[in-house]
Amino acid sequence: MSYTSRAQRGMSFTGVLFILIFVGLVATMGLRIIPMFIEYQAVLRSITQLQNTPGYPFSKNDFYRKLENQLYLNDAKDFRPLVRDSVKIVHDKKSGEKKLIVSYERKAPFFRNIYFMAKFEKEGPVKGKFD
């Protein structure tokens, strides 16, 4: 019995199943990873908005307090407990300028004990003087 090309057209059920599984995994990974990057952008946007507010610069304590409020407004609520550990104002001894450094890690669960981890780091000059 010989098969013609007409009888063997299209994908098999197994091929379609593998493609659906692959698309599902990619979609799940995207749904886990994208919120981490959205939060990072919200953190950077909050700092920029804070540096552009009237009355800036503030004392360090006021800066952190107002940054926590700004993060809440920009919907980065999960980052708020990490503010004082993750956002630092440091004095660069070589150039004599102060720098604002944002550095933190985020984990997103994927499946059971498999996690996605992202490390975010950004450094920039501080506008104005701090106490």
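Modeller: Residues are called buried when their relative accessible area is under 20%, exposed when it is over 50%, and partly exposed in between. The structure discussed here is a predicted model.

Colleague: With those limits in mind, does K99 count as buried, partly exposed or exposed?

Modeller: The relative accessibility of K99 is 24%, and the buried class is reserved for values under 20% while the exposed class begins over 50%. Because 24% falls in between those limits, K99 counts as partly exposed.

Colleague: Which residue forms a salt bridge with K99, and in which strand does that partner lie?

Modeller: K99 is in strand β2, and the salt bridge joins it to a residue 24 residues apart in the chain. The closest N and O atoms of the pair are 3.0 Å apart, and the partner is itself partly exposed, with a relative accessible area of 48%. The partner is E123, which lies in strand β3.

Colleague: In what order do the strands of the sheet stand?

Modeller: Strand β1 (residues 87-91) is joined to strand β2 (residues 98-111) by 5 bridges, the two running antiparallel, and β2 pairs with strand β3 (residues 114-125) over 12 bridges, again in the antiparallel sense. Among the individual bridge partners, V87 is matched with V102 in β2, and E105 with K119 in β3. The result is an open sheet of 3 strands in the order β1-β2-β3.

Colleague: Which strands stand at the edges of this sheet, and by how much are neighbouring strands turned against each other on average?

Modeller: β1 and β3 each have a single partner strand, so one side of each is left without a neighbour in the sheet, and these two are the edge strands. With direction ignored, the average turn between neighbouring strands of the sheet is 20°.

Colleague: Which residue takes a positive phi in the hairpin of β2 and β3?

Modeller: The hairpin of β1 and β2 has 6 residues between its strands, and G96 in that turn has a positive phi of about 80°. The hairpin of β2 and β3 has 2 residues between the strands, and there the positive phi, near 50°, belongs to R112.

Colleague: How do the helices lie on the sheet, and at about what angle does α1 run to β2?

Modeller: Helix α2 (residues 60-73) lies across β1 and β2 and runs at about 155° to β1. Helix α1, which spans residues 13-51, lies across β1, β2 and β3, and its angle to β2 is about 160°.

Colleague: Which residue of α1 forms a salt bridge with R106?

Modeller: A search of the whole structure finds 4 salt bridges, and the one made by R106 links strand β2 to helix α1 across 67 residues of the chain. R106 counts as buried at 16% relative accessibility, and its partner is buried as well, with a relative accessible area of 9%. The closest N and O atoms are 2.8 Å apart, and the partner of R106 is E39.

Colleague: Which residue is the bridge partner of R106 in β3, and which residue meets K119 in a salt bridge?

Modeller: In β3, the strand pairing sets A118 opposite R106 as its bridge partner. K119 is exposed, and so is the residue it meets; the N to O distance of their salt bridge is 3.4 Å, and the residue in question is E121.

Colleague: Which residues does S46 touch, apart from those up to four places away in sequence?

Modeller: S46 is placed in helix α1 and counts as buried, its relative accessibility being 0%. Leaving out residues up to four places away in sequence, the residues in contact with S46 are L67, Q70, L71 and N74.

Colleague: What separation is found between the C-alpha atoms of P35 and A108?

Modeller: P35 is placed in helix α1 and is partly exposed, with a relative accessible area of 43%. P35 and A108 are 73 residues apart along the chain, and their C-alpha atoms are separated by 9.1 Å.

Colleague: How much accessible area does the nonpolar surface patch that includes V26 have together?

Modeller: V26 is placed in helix α1 and counts as partly exposed at 40% relative accessibility. The patch joins V26 with M11, V16, I19, L20, F22, V23 and M29, and together these residues have an accessible area of about 740 Å².

Terms used:
Residues are numbered from 1 along each chain as its sequence is written. This is a predicted model: local features need pLDDT of at least 70, side-chain atom pairs count only at pLDDT 80 or more; totals for chains, interfaces and linings use all residues. Side-chain values use heavy atoms; hydrogens and water are left out. Two strands pair if DSSP finds at least two bridges between them. Helices (H or I, at least four residues) and strands (E, at least two) are DSSP runs, numbered from the N terminus. Patches are made of residues with over 30% relative accessible area and no salt bridge: like charges are joined within 9 Å, nonpolar side chains (Val, Leu, Ile, Met, Phe, Trp, Tyr) within 5 Å. Accessible areas come from the Shrake-Rupley method with a 1.4 Å probe; for residues, only the protein chains shown count as cover. A salt bridge is a side-chain nitrogen of Lys or Arg within 4 Å of a carboxyl oxygen of Asp or Glu. Buried means under 20% relative accessible area, exposed over 50%, partly exposed in between (1.4 Å probe, protein chains only). Axes are lines fitted to C-alpha atoms, for helices over the stretch in contact, and angles run from 0 to 180 degrees between N-to-C directions. Contact means heavy atoms within 4.5 Å.
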